[in-house]
Amino acid sequence: MNEFFSVEPDYYLILAAVLFTIGAVGVLVRRNAIVLFMCVELMLNAANLALVTFSRINGDLNGQIMAFFVMVVAAAEVVIGLAIIMSIFRTRRSASVDDANLLKY
Amino acid sequence: MEETVRYAEATGLLGSVWLLVAIPLVSAAILLLLGRRADRWGHWLGVASIGAAFVLGLTYFFQLRGLENKSVERSLWDFIAVGDFKVDFGLLFDPLAAVFVLLITGVGFLIHLYAVEYMSHDPGRRRFFAYFNLFVAAMLLLVLGNNYVMLYFGWEGVGLASYLLISFWYERPTAATAGKKAFLMNRVGDAGLAIGIFIMFATLGTTQYDEVFNGVGGLAGGTVLVLGLLLLLGATGKSGQFPLQAWLPDAMEGPTPVSALIHAATMVTAGVYLIARSNPIFSANETLQLVVVSVGALTLLLGCIIGAAKDDIKRVLAWSTVSQIGYMFLGVGLGGGAYALAIVHLLAHGFFKANMFLGAGSVMHGMKDQVDIRRFGGLSKYMKITWITFATGWLAIIGIPPLSGYFSKEPIIAKAFERDDWTAWLFGGAAMLGAGLTAFYMTRLFVLTFHGPKRWTDDIEHPHESPKLMTIPLILLAVGSVAAGWLLSTSVPDWLTATAGLGGAEEGEAHGVLSHTVITILSILVTLIGAGLAWFLFRNGTATEPQPAGVLVTAARKNLYTDSFNEAVFEKPGIFLTRALVYLDSRGVDGLVNGLAAGVGGGSGRLRRLQTGFVRSYAMSILTGALLVVAAFLAVQAGWLA
């Protein structure tokens with residue numbers, strides 16, 4: 001492997017942390033359910049990046065396999081989540097998560 | 001003196017002695033279960049069952065006379081069997097039980113007959129006869145049991161029947177209260193009896209009469225004293241003796257036949273029966289006998305004094321019952337041959353007191369239920385039969401020879417004078433004074449009711465004699481009042497000698513402080529003075545309104561303040577205690593429980609505010625939690641928390 005092309009694994013981890021933070025902040029500050037959803041995906045993919053990086057650092061495949069699991073789960077979650085968002089939008093004409101606040105004390 | 005008490009097995013006809021209890025019980029059950037369907041003929045079933053029991057009782061009595069060992073028992077089944085402890089459901093038929101059976105069923109039959117007419121206008125007549133039969137069944141069980149638990153069974157049974165019958169007219173508040181009062185005061189006595197039976201079980205391991213009587217000689221003196229005092233407490237409760245006498249006069253709220261049968265002739269004498277039956281226990285301790293005699297002497301004077309101041313015909317008779325049972329307690333307390341004398345007086349009293357109560361009922365029947373003797377007068381012309389029969393009862397109770405009271409009461413007075421020390425004067429004097437007072441108040445009652453000017457209320461025009469069904473029992477009881485004394489006093493003591501443990505009357509030289517002749521003359525003299533004084537004072541009637549009176553009469557009208565005493569010493573602190581407990585319960589215990597619930601409820605009400613419904617705030621808390629977990633991992637990794 002060429003030294004020039006090899007990048008320190010720490011950089012990937014930092015990138016993953018940055019992406020995760022962007023996703024988390026997005027979940028906390030945005031109202032639109034779709035945007036929220038994308039932020040969640042961002043966090044999941046940040047986690048995937050970190051897992052793959054750990055796999056690289058440790059020299060085994062465990063992290064990569066975990067990343068596949070995360071993808072599958074994320075895909076399933078998207079299907080259900082989008083369906084919920086759609087049905088909420090149909091009844092309330094809004095995709096804002098702050099409007100859907102009936103389930104409370 | 002230490003003779004062994006042994007009972008033979010009942011054989012032949014006597015084996016069916018349980019029928020005596022069963023017949024009235026079945027009759028009571030039928031009357032209660034059939035309800036209104038039995039209204040038309042129920043009272044005749046009630047009368048017939050007691051009649052059948054009387055005939056059976058007579059048959060058993062004659063069977064018993066022919067036997068060598070006159071105490072036969074019949075064990076029916078095991079009532080309680082726990083480990084070594086066994087209680088028979090067993091019956092004992094001996095001379096003592098036999099005379100009681102004849103008294104209960106004989107007098108009971110006459111009073112049942114009387115009640116058919118007396119209660120004929122009452123819609124609850126069938127219920128009345130059901131309770132009445134229940135009473136007879138329980139009373140027979142009481143006197144026929146062969147152990148103390150059986151006795152207690154019957155004891156509670158008669159208590160129940162007495163309660164039901166006192167408050168028979170339960171829609172009257174006074175009757176309901178009187179029933180409760182009787183029940184509660186009896187409970188005090190019953191608790192004593194129950195603890196006494198527990199002590200027997202604890203010390204002797206048995207409650208069978210024969211085993212208890214044979215074992216009592218081996219007990220420590222203190223144990224016997226405590227045991228006897230507890231039995232005496234039970235006896236005073238049931239028999240209306242001091243200090244538990246207050247319920248008996250109030251019990252007159254019940255129908256008059258009830259007063260006659262239960263609260264004069266039979267149930268209230270159960271205490272005398274208990275002491276006579278337990279005579280090996282009472283004879284074993286001198287102090288115990290002294291206490292019994294004192295209770296008897298005190299009560300007989302108390303009853304006389306209060307009876308002399310009362311204006312309600314039934315209450316005068318009730319206090320007279322209290323007083324006469326005092327004589328019986330005096331008798332059983334004196335021990336030895338006096339046991340038999342007390343039983344003779346009990347039987348004679350059963351006749352003449354039932355006679356007078358039924359007579360009072362007959363008067364009330366003719367006078368529109370008036371009970372105030374100040375409102376009677378001159379009735380001898382209108383109620384000839386009631387007048388004559390009542391007169392026999394009156395002469396019998398005050399002890400005019402040759403009527404029954406003379407033969408039954410005078411020997412007890414003489415016996416009281418036979419004690420060795422100065423107490424002979426005390427108890428003999430009390431009994432003698434009681435005889436004079438009895439003559440006074442009974443003559444007052446008789447003269448005010450049947451003689452003197454008419455003082456009737458305006459709504460009575462022409463009082464009528466009662467129907468035949470009421471006068472026939474009166475006549476029969478009057479014959480009993482006249483003849484029973486001589487018959488009983490000559491036959492019963494010998495007959496009772498065969499009762500195991502009941503010592504015979506030793507008619508040796510009486511070494512009393514006074515000779516028997518002097519006592520006889522004195523007692524007749526005292527009686528005549530009392531009666532003459534009452535006749536002199538009341539021959540012209542009396543005022544119909546309450547009159548101001550001296551200290552003694554005022555006190556006697558208020559039952560010598562015994563009720564006030566009970567109220568102040570037992571009732572008031574009891575009520576205070578109850579209130580304090582209720583307060584403690586509602587504020588303390590309930591406060592703790594309710595406070596805990598309120599605390600949890602309030603806390604959760606505040607906590608649930610965290611559920612805002614905003615998804616992003618949930619996400620925030622999840623994130624914070626996740627960061628905390630990561631921080632904790634890192635801290636552990638770095639060794640900060642190690």
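B:Ser75 in strand E2 of chain B stands opposite B:Gly90 in E3(B). This is a predicted model: local features need pLDDT of at least 70, side-chain atom pairs count only at pLDDT 80 or more, and totals for chains, interfaces and linings use all residues. Residues are numbered from 1 along each chain as its sequence is written, while chains are lettered from A and ligands numbered from 1 in the order in which they are written.

**Sheet**

Strands (E, at least two residues) and helices (H or I, at least four residues) are DSSP runs, numbered from the N terminus. Two strands pair if DSSP finds at least two bridges between them. Chain B holds an open sheet of three strands, ordered E1-E2-E3, with mixed pairing. Its edge strands are E1 and E3, each pairing on one side only. Strands of a sheet pair through backbone hydrogen bonds, either parallel or antiparallel.

| Strand pair (chain B) | Residues | Sense | Bridges |
|---|---|---|---|
| E1 and E2 | 8–9 and 72–82 | parallel | two |
| E2 and E3 | 72–82 and 85–93 | antiparallel | nine |

In the parallel pair, B:Glu9 faces B:Glu73 of E2(B). Across the antiparallel pair, B:Arg74 stands opposite B:Leu91 in E3(B). The hairpin of E2(B) and E3(B) has two residues between the strands. There, B:Gly83 takes a positive phi near 60 degrees.

**Annotated span**

An unreviewed UniProt entry annotates residues 79–129 of chain B as "domain: NADH-Ubiquinone oxidoreductase (complex I) chain 5 N-terminal". UniProt positions follow the numbering used here, feature names are shortened, and annotations may be inferred rather than shown by experiment. The span is 57% helix and 25% strand. Its end C-alpha atoms lie 28 Å apart.
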